[in-house]
Amino acid sequence: MTNGSSVEILLDMADLLRPNAIRVAAALKLADHIAEDSMTAELLAERTGAHPIMLGKLLRYLVELGVFGVDDAGVYTVLDLGQPLRRDAPQSVGQFLSAEGLFGRVELGLVGLLHTVRTGDPCYSAVFGREYWDEINNDPAFVQALEAEGPTQIGWDAELIIKGYDWSGVSRVMDVGGNNGTLLIELLTQHPHLHGTVLDLPNVARIAERRIAQAGLAERGGSLSGSFFDPLPTGHDVYLLSGILADWNDERAVDILRACGAAAGPEGRVLLAEISMEIPPSAPGAARTDLVVAAAVATPVRTVDQLHELGRSAGLQVTWEGPNTPVRSLMEFSGLNPDAGTALGAPRGAGHA
C-alpha cells in the first residue's frame, strides 16, 4: 500500500460530512417526501421547513453520494441506496439514523470522544452541554423520537424482575426512571393485585401515562413527572430501579439509591435490577461496540459486589438477593430510617466494619 492511498483511506475514514449529511436527510425525511411526490429543492425546502439554499447544497451532495437522483428539471428521485431511509421501507433505518432520533443523537455525541478518552467520562454533555437523558426527556423536540424508538417489550432479562421477585406482599410499586411504562405495564399485567407509578422526566412520563391507559391499566397505574435526584414521593412499598445506575458514576448512583431509600422509609424496600453491558471480546464488532458504549454510558459494567457497595454507601442494607444473569443483577435493599443520620454520612468506598 502506498503512502498516497493510506492518506486517502484515512481522510475518507475521518470524514464527518458524509455521516452527518445522511443523518440530516433522515431527520428531514427527505426520502419520504421525494417518494411521495415529484419534488424539487424548492418544494422540499417548503415541505421540511429547511433553508432553501442550504438544502439545495445538501441535496447536491446526496446526489453525489448516490442516495438520490435528479433530472434536468431539478426533480429528485430516491435511488436504491436511499430507499432504506424511507420510514415505510421494509428494513427502514430512517428513524435510527435521524439526527433527532434517540440512537442518532447518541452517535452524534461521539464527536466528543476525545473528552471520553482523556477523562473516562461520557462525551455527550461535553458536546451538547446537557446530559443525554436530561435533554431527551425535557426537550419537546424529542417527543416524536421517544414515541418511535421507545421500548415496547421488556428486554435485558427483565423477566427476572417480574418472575424472580416475590410481589405477593407488595401493594404499590414505583418504577423510578421507568421510561415509557413498558416494564410497569408488564408488571401490572402479570400481577393483577399490584398498583404502580412510573416516575420519569416530562416527555416520557406523558408517554407512559398514555401507554398505561391504552393497556387498560389506568385504574391501577399512572405516571408522575419528576427527577430521581430530587426527593421522591413516599407511600410505595417498593421503589424499583431497573437499568438506571449504569448511566451514572458512583457518586450520582449513590444519590439515586439514597433518594429511593429515603422515600421507601424503614418499612419499604428498594429493588435494584441493574444491567451489565459488558461486551465479550469475541462478539462481532466488539471493539466498536465497546468504545461506543463506554463513550455513551458512565459505568456500563458493575459487579454484584460493586452494587452492594453502592447500596452501603447510600445507607442501605441488602435484605434479599435474587437470581442473576450475565446481563442482569437483582437485589433488594431496606429503606432508610430517617433517624439513622450516621448511615447517610458513611464515606463512599469505606471498608466494612
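**Exercise 1. Classify Arg302 by burial, then place its salt bridge partner.**

Step 1. Arg302 has a relative accessible area of 7%. The cut-offs are under 20% for buried, over 50% for exposed and partly exposed in between, with a 1.4 Å probe and protein chains only. Arg302 is therefore buried.

Step 2. Fix the ground rules. This is a predicted model, in which local features need pLDDT of at least 70 and side-chain atom pairs count only at pLDDT 80 or more, while totals for chains, interfaces and linings use all residues. Residues are numbered from 1 along each chain as its sequence is written, and side-chain values use heavy atoms, with hydrogens and water left out.

Step 3. Find the partner. Arg302 forms a salt bridge with Asp250, and their closest N and O atoms are 2.9 Å apart. A salt bridge here is a side-chain nitrogen of Lys or Arg within 4 Å of a carboxyl oxygen of Asp or Glu.

Step 4. Place both ends. Asp250 lies in helix H15, and Arg302 in the loop between helix H16 (286–296) and H17, so the pair ties together parts that are 52 residues apart in sequence. Helices (H or I, at least four residues) and strands (E, at least two) are DSSP runs, numbered from the N terminus.

Step 5. Classify Asp250. Its relative accessible area is 34%, so Asp250 is partly exposed.

**Exercise 2. Survey the other salt bridges and compare the burial of their ends.**

Step 1. Count. The structure holds 13 salt bridges.

Step 2. Take Asp32 and Arg87. Their side chains meet at 3.9 Å, N to O. Asp32 sits in helix H3 (residues 30–36) and Arg87 in the loop between strand S2 (76–78) and helix H6 (94–97), so parts 55 residues apart in sequence are tied together. Asp32 is buried at 18% relative accessible area. Arg87, at 25%, counts as partly exposed.

Step 3. Take Arg105 and Glu135. The closest N and O atoms of this salt bridge are 3.2 Å apart. Arg105 is in helix H7 and Glu135 in helix H10 (residues 132–138), so named parts of the chain 30 residues apart are linked. Both Arg105 and Glu135 are buried.

Step 4. Look for a network. Salt bridges link Arg23, Glu107 and Arg288.

**Exercise 3. Which side chain of opposite charge is nearest to Asp175?**

Step 1. Locate Asp175. It is found in strand S3.

Step 2. Search for the opposite charge. Lys and Arg count as positive, Asp and Glu as negative; His and the chain ends are not counted. The nearest is Arg328, 8.7 Å away. Asp175 is buried yet has no salt bridge.

Step 3. List the surroundings. Leaving out residues up to four places away in sequence, Asp175 touches Leu183, Leu184, Thr197, Val198, Leu199 and Leu240. Contact means heavy atoms within 4.5 Å.

**Exercise 4. Describe the largest nonpolar core and name what builds it.**

Step 1. Recall the background. In soluble globular proteins, nonpolar side chains tend to be buried together.

Step 2. Find the best-connected members. The largest nonpolar core has 27 residues, of which Val176, Leu232, Leu241, Leu257 and Val270 touch the most other members. Such a core is a set of buried Ala, Val, Leu, Ile, Met, Phe, Trp, Tyr and Cys residues joined through side-chain atoms within 4.5 Å.

Step 3. Assign elements. Those giving two or more residues to this core are strands S3 (172–176), S6 (238–242), S7 (269–275) and S9 (328–334), with helices H15 (250–264) and H17 (304–313). H15 gives the most, with eight residues.

Step 4. Zoom in on Leu232. Beyond four places in sequence, Leu232 touches Val176, Leu199, Ser227, Ala259, Cys260 and Ala263.

Step 5. Check for another core. A second, separate core has 23 residues, including Leu160, Val198, Ala208 and Leu330.

**Exercise 5. Contrast Met13 with Gly112: buried or exposed?**

Step 1. Met13 is found in helix H1 (residues 3–13). Its relative accessible area is 64%, so Met13 is exposed.

Step 2. Gly112 is in the loop between helix H7 (102–108) and helix H8 (113–119). At 10% relative accessibility, Gly112 counts as buried.

Step 3. Add the contacts of Gly112. Apart from neighbours within four places in sequence, Gly112 is in contact with Cys123 and Val127.

**Exercise 6. Summarise the whole chain.**

Step 1. The protein has 18 helices and nine strands.

Step 2. Of its 353 residues, 44% are buried.

Step 3. The C-alpha trace spans about 75 × 55 × 35 Å along its principal axes.
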